[in-house]
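Student: Could you take me through the way one reads a protein model, giving the general idea before each case?
Tutor: Gladly; let us look at it together and begin with burial.

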Amino acid sequence: MGTDKAWFSHLYRGDHVMVTRRSMSSDHLVVSSDAGTGLVRIREADLMQLEKHLFQRYPHREWGTFFRFGYRRTSWGIVICFVDGLWPGRGDLDRQTALTTFHESYSRRAFRESENVNGLAIGVVHSHPVGCAVRPSALDDDMDGYFSEELSSFSGGRPYCSLIFERSERGLSFSGRIYDRGQWLPVASMISVGETVNRWRSQLMPVELAVTETAEASTTARLQSLMGATSEVRFRNSTVGVVGNSGTGSPIVAVLTRAGIGSFVVVDPQRFSPSNLERMHGSERKHLLLDKPPFKAELMRDMIHSINPSANVVPLVGNALHQNVIDELLKCDFILGCTDSVHGRVALDEFSRHFLVPVIDVGVRMDGADGILTAQLVNVAAYRPGLPCAFCRDNVDTYVMNYELMSESERREKEEQAADAATRGVEVDQYWKGRPRQLHTVGYLTTGAGALVAGYVEGALSGSFAIPHSEFQFDISKPGFGFVVPPLVKDASCGCQSHLGWADAANPFKNVVIPGHWSRRAVLLPSHVDLPSVGSRESA
């Protein structure tokens with residue numbers, strides 16, 4: 001930078017600072033959503049620490065910091081995941097001025113950090129004085145123009161993110177913009193993740209028209225009376241992802257749609273089958289009479305629109321490992337894992353940590369013989385950054401996971417190796433343990449488990465209550481429901497806490513990736529199409 005530079009022009013009026021701000025649409029720096037928008041994700045504890053730092057000179061003096069972030073370029077824009085602050089030390093910022101002044105030594109440290117090979121990028125966040133709002137000034141444009149070019153050059157083309165925070169009696173407000181590959185994108189929203197999940201809309205984005213509904217006519221009046229009047233708006237502005245759309249996933253979708261959740265991403269690779277009718281909400285007998293059964297994601301889409309025609313739905317025929325599924329799930333405030341696959345559980349667990357997205361995994365298991373049930377288990381596990389991973393919790397059978405990801409030729413080869421070992425009198429388990437046993441479930445248990453988990457999502461989004469344990473299990477056929485809370489201990493040898501928020505920079509450290517014999521992308525279905533009537537020859 002050459003010399004120290006105060007990035008904000010200011011006029012003193014007594015002990016107060018009047019800041020001159022210019023429109024974001026100045027000739028110097030043009031931000032456009034034509035190339036997409038940005039979404040910032042941050043852990044709740046990190047946001048609290050960041051606010052404490054930025055507002056230490058409030059209400060009339062500013063402060064700021066560089067920060068490190070992971071990122072992913074998506075089909076709809078870019079996701080920024082806050083990793084940590086590159087906190088200023090003594091002399092890095094000028095305390096003599098009321099506005100944020102980066103000294104040259106601090107900027108050089110940020111430039112050196114951006115050269116690291118770990119794949120993380122560098123951004124800037126600063127506060128504005130109370131009452132000055134969060135619209136960037138002309139000198140904000142100068143600062144961002146300079147840092148974006150320099151940091152992009154030092155980092156080999158990684159994005160640059162600039163955020164502005166303000167605090168008032170209405171609470172926290174923010175704005176942001178991202179420079180990536182020669183273009184400026186607006187940050188649309190910021191989501192914080194903890195026991196509660198909060199979303200802020202950028203003050204520079206267009207104001208959304210509120211849905212007017214009288215208290216007498218409100219379909220969620222009773223819910224609002226319990227969770228607060230603001231819950232209606234919070235739910236309407238939320239996006240929930242449901243991976244697995246059958247026994248537990250479909251009741252979750254039904255409950256959350258009726259609660260007023262505004263947007264859904266529903267993911268499932270399978271078509272509807274006769275055995276699904278007993279436990280899958282949204283399915284009807286007429287679906288069995290179609291020439292080709294509908295995809296489960298289609299049924300979720302149609303069920304959602306039958307309850308709330310204005311809801312946004314992204315239905316995907318695929319798996320949590322597909323790249324376009326990942327892109328869509330990154331929009332979500334919450335993700336529900338409702339598959340019976342081990343690799344799906346591992347994928348969503350890693351997703352929660354690398355991209356700072358809260359996940360609740362729900363599973364059921366029933367066992368018995370000769371008409372006598374001996375187990376009717378429900379297991380609920382919350383995954384989010386900072387909690388022990390699925391491996392630490394011993395929730396992963398690596399053999400089953402490997403089986404799920406094998407190609408048919410690989411399975412045949414394992415069977416042949418096991419048969420050969422048996423003829424030689426060698427233990428065959430080292431080659432092949434056989435096909436994992438199918439765990440059967442029925443509708444009353446899956447519906448109960450799904451509805452329960454939907455309630456925890458509503459509690460986290462509204463802030464009205466939190467899930468009481470990060471993991472618990474109960475058996476409805478046992479006295480006291482056989483309730484168990486397993487101890488959650490982080491395995492000292494596990495690296496699960498090493499790459500929180502690293503986003504795509506954490507790819508080399510994943511435990512599960514998409515197999516080479518799979519298709520590379522999920523099939524995106526139409527967002528709003530009615531099923532053909534019974535007897536139609538059209539494909540469902």
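Tutor: This is a predicted model. A residue is called buried when its relative accessible area is under 20%, exposed when that value is over 50%, and partly exposed in between. On that scale, 54% of the 540 residues of the protein count as buried.

Student: How many helices and strands does the protein have?

Tutor: The protein has 12 helices and 20 strands. As for how the chain is brought together, if one takes the contacts between residues at least 6 apart in sequence, 72% of them join residues at least 24 apart.

Student: How should I read the burial of nonpolar side chains, and which residues touch the most other members of the largest nonpolar core?

Tutor: The general idea is that, in soluble globular proteins, nonpolar side chains tend to be buried together. In this structure the largest nonpolar core has 87 residues, and those that touch the most other members are Leu329, Ile335 and Ile360. Helix H12, which spans residues 443-462, supplies the largest share of this core, with eight residues. Apart from it lies another core of 25 residues, including Phe55, Phe82, Phe174 and Ile178.

Student: With which residues is Ile335 in contact, leaving aside its neighbours within four places in sequence?

Tutor: With those neighbours left aside, Ile335 is in contact with Leu329 and Ile360, and also with Gly241, Val243, Leu348, Phe351, Val357, Pro358 and Val359.

Student: Let us turn to helix packing; what is the general way to describe a pair, and at what angle do H6 and H12 pack?

Tutor: Two packed helices are described by the angle between their axes and the distance between the axes. Helix H6 (residues 249-259) packs with H12 at an angle of about 40°, and their axes are 8 Å apart. An angle that is neither under 35 degrees, nor over 145, nor in the range 65 to 115, counts as oblique, and H6 and H12 are therefore oblique to each other. The crossing in which H6 passes H12 is right-handed. On the H6 side the contact is made by Pro251, Ile252, Val255, Leu256 and Ala259, while H12 contributes Thr446, Thr447, Gly450, Ala451, Val453, Ala454, Val457 and Glu458. Sorted by class, the residues of this contact of H6 with H12 are nine nonpolar, three polar and one charged.

Student: How are H2 and H3 arranged, at what angle do their axes cross, and which residues meet?

Tutor: The axes of helix H2 (residues 104-114) and helix H3 (residues 138-155) come within 8 Å and cross at roughly 40°, so H2 and H3 are likewise described as oblique to each other. H2 passes H3 in a right-handed crossing. From H2, Ser107, Ala110, Phe111 and Ser114 meet Tyr146, Phe147, Glu150, Leu151, Phe154 and Ser155 of H3. The contact of H2 with H3 comprises six nonpolar residues, three polar ones and one charged one.

Student: Let us consider single strand residues; is Ser173 buried or exposed, and what of Val523?

Tutor: Ser173, found in strand S10 (residues 171-180), is buried, because its relative accessible area of 10% falls under the 20% limit. Neighbours within four places in sequence aside, Ser173 is in contact with Val134, Ile164, Phe165, Glu166 and Gln203. Val523, which lies in strand S20 (residues 523-524), is partly exposed, with a relative accessible area of 47%. Its contacts, again leaving aside neighbours within four places in sequence, are Pro315, Leu316 and Val317. Val523 and His322 are 201 residues apart in sequence, yet 9.7 Å apart in space from C-alpha to C-alpha.

Student: Finally, the backbone: where does Asp394 lie, and which peptide bond is cis?

Tutor: Asp394 is found in the loop between strand S18 (372-383) and helix H10 (398-405). Its phi is near 60°, a positive value in a residue other than glycine, and at 65% relative accessibility Asp394 counts as exposed. Ala503, in the loop between strand S19 (471-475) and S20, also has a positive phi, near 55°, but Ala503 is buried, with a relative accessible area of 0%. The cis peptide bond runs from Tyr58 to Pro59, with omega near 10°, and Pro59 lies in the loop between helix H1 (44-54) and strand S5 (64-73).

Definitions and conventions. Residues are numbered from 1 along each chain as its sequence is written. This is a predicted model: local features need pLDDT of at least 70, side-chain atom pairs count only at pLDDT 80 or more; totals for chains, interfaces and linings use all residues. Side-chain values use heavy atoms; hydrogens and water are left out. Axes are lines fitted to C-alpha atoms, for helices over the stretch in contact, and angles run from 0 to 180 degrees between N-to-C directions. Helices (H or I, at least four residues) and strands (E, at least two) are DSSP runs, numbered from the N terminus. A crossing is left-handed if the near helix is turned anticlockwise from the far one by less than a right angle, and right-handed if clockwise. Contact means heavy atoms within 4.5 Å. Ala, Val, Leu, Ile, Met, Phe, Trp, Tyr, Cys and Pro count as nonpolar, Asp, Glu, Lys and Arg as charged, and the others, Gly among them, as polar. A nonpolar core is a set of buried Ala, Val, Leu, Ile, Met, Phe, Trp, Tyr and Cys residues joined through side-chain atoms within 4.5 Å. Buried means under 20% relative accessible area, exposed over 50%, partly exposed in between (1.4 Å probe, protein chains only).
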